[in-house]
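Colleague: I would like to take a close look at how the two domains of this chain are placed, and at the elements that make them up. Please go through it carefully, since I have the sequence and the coordinates open beside me.

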Amino acid sequence: MKHFNIAVIAGDGIGPEVIAEGKKVFSGIAEMDGGFSVSFEDFPWGCEYYLKTGEMMPTDGLDILKPFDAIYLGAVGYPGVPDHVSLGGLLLQIRRGFDEYINLRPVRLLKGAPCPLANVLPDDINMIVVRENSEGEYANVGAHLYPGTEREMALQTGVFSRHGCERVIRYAYELARLEKRSLTSISKGNALRYSMVFWDEIFAEIGREYPDVETHSLLVDAASMFFVKDPGRFEIVVTSNLFGDILTDLGAAIAGGMGLAAGANLNPERKYPSMFEPIHGSAPDIAGQETANPLASIWSISQMLEFLHEQEWAERILSAIETLLVERRTLTPDLGGSAKTSEIGAAILEILER
Ligand code: ATP
Ligand code: MG
């Protein structure tokens, strides 16, 4: 029987509360003859670890994580610890160290999930956003010059390498071909005349190898409008690091809220482990109250199982989440219910067992 060995970094704030539910679902499936077994190893890394040791994770953290089949991350962030320390010292270390250059974010409105848009049916929102995850606007190249003088300025440079653009765009084309769905590239060539024009050229170039894939190109400003006015036009979306970051928060808002949005950081070559996480933060305002919604982190388990070639379980988890949303018996307060975080994993398993 297949065995999956998962590294768990529950992290800070609501991280441990929501991750516990995802683990319950994963091990529950294994116990109900899912066709595989699973073991978890927990790593207490994050901001509390940082306050004790001065680092977010040990110096040899990547070596420790490398043998695992996947990494399951909760959230990092703590009041008083700056983001460049918390995110930079853990999340970005892992993304970069393991070359997780694809950030895959489903934006799918399940039946029963709240949607702030009028006249939108659940079937209208079902896209996958492929976000570049290793360079672009977040390449960390720039300078803060002449501080304290009249000439003071900050420069921030985007890095769009041919290699970096090609691999993410090619990944998106492959996905579109596999799923027989259209592909939309979102960029901003009319204003960012070096980086985005280069991106657009590569998108067209690679497209010649995929004559079977229907393609569209949109400017990010127009795309933002269509996310709200006509999200049904999007199927597979490929975009840069910054635009993907912003658009997927917008995507989360139209598809049920932060409590339902999951994201995968993939190294498609499987040379290194990939990392699966709810996209929300540590939410210190609600930590410890048992009100956090763990459905995003359970959705992450679905994404993880899909990546581990357990496609059928991945789909079954999503339809169990949908059933939970439609029945409305066991929901956390953000979705209008009164259930505790710790009740959700069992409720999902109960639906899966039916
Ligand atoms: P970051 O700094 O990474 O953005 P954050 O702590 O601000 O992290 P967000 O994900 O931006 O967290 O979430 C903003 C707010 O949305 C939280 O403060 C919380 O009130 C609410 N929220 C986020 N995730 C959840 C969740 N899983 N369940 C319920 N409410 C949530
Ligand atoms: Mg926030």
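How many Å separate the centres of domain 1 and domain 2, taken over C-alpha atoms?

Modeller: The centres of domain 1 and domain 2, taken over C-alpha atoms, are separated by 26 Å. The contact between them takes five residues from domain 1 and four residues from domain 2, two residues being in contact if their C-beta atoms, placed from the backbone, lie within 7 Å. This is a predicted model, in which local features need pLDDT of at least 70 and side-chain atom pairs count only at pLDDT 80 or more, whereas totals for chains, interfaces and linings use all residues. Residues are numbered from 1 along each chain as its sequence is written, while chains are lettered from A and ligands numbered from 1 in the order in which they are written.

Domain 1 is assigned to 1-100 + 274-353 and domain 2 to 115-255, with bounds that come from an automatic or database domain assignment. UniProt, in an unreviewed entry, lists residues 5-348 as "domain: Isopropylmalate dehydrogenase-like"; its positions are in the numbering used here, its feature names are shortened, and its annotations may be inferred rather than shown by experiment. That span is 40% helix and 22% strand, and its end C-alpha atoms lie 22 Å apart.

For the chain as a whole there are 11 helices and 12 strands, each a DSSP run numbered from the N terminus (H or I over at least four residues for a helix, E over at least two for a strand). The radius of gyration is 20 Å, close to the 20 Å that the globule rule gives for 354 residues, so the chain is as compact as a globular protein of that length; the radius is taken over C-alpha atoms, and the rule is 2.2 Å times the number of residues to the power 0.38. The C-alpha trace spans about 55 × 50 × 40 Å along its principal axes. Of the contacts in the chain with a separation of 6 or more, 76% are between residues 24 or more positions apart. Of the 354 residues, 45% count as buried, which requires 20 or more other C-beta atoms within 10 Å of the residue's own; 12 or fewer make it exposed, anything in between makes it partly exposed, and C-beta atoms are placed from the backbone.

Strand 5 (residues 126-132) makes a good centre for the description, as six of its seven residues are buried, so this strand is largely enclosed by the rest of the structure. Strand 5 pairs in the antiparallel sense with strand 4 (residues 102-108) over seven bridges, where pairing asks that DSSP find at least two bridges between the strands. In that pair, arginine 105 has valine 129 of strand 5 as its bridge partner. Strand 5 also runs parallel to strand 10 (residues 236-239), to which four bridges join it, and there isoleucine 128 is bridged to isoleucine 236.

A second pairing involves strand 8 (residues 183-187), in which five of its five residues are buried. From strand 8, Leu183, Ser185 and Ser187 point one way and Thr184 and Ile186 the other way, and all are buried. Strand 8 and strand 9 (residues 215-219) are parallel, with five bridges, and serine 185 has serine 217 as its partner in strand 9.

Isoleucine 71, in strand 3 (residues 70-75), is buried, with 22 other C-beta atoms within 10 Å. Beyond its neighbours within four places in sequence, isoleucine 71 is in contact with Ala7, Ile9, Leu65, Ile94, Pro273 and Met275. Leucine 175, by comparison, is 104 residues away from isoleucine 71 along the chain, and their C-alpha atoms are 22 Å apart.

Helix 9 (residues 295-307) has 13 residues, all 13 of them buried, and reaches 18 Å from first C-alpha to last, close to the 18 Å expected at 1.5 Å a residue, that expectation being 1.5 Å times one less than the number of residues. Histidine 309, in the loop between helix 9 and helix 10 (311-327), has a positive phi of about 70° although it is not a glycine, and counts as exposed with 10 C-beta neighbours inside 10 Å. Aspartate 99, in the loop between helix 4 (83-97) and strand 4, likewise has a positive phi, of about 45°, but counts as partly exposed with 17 such neighbours.
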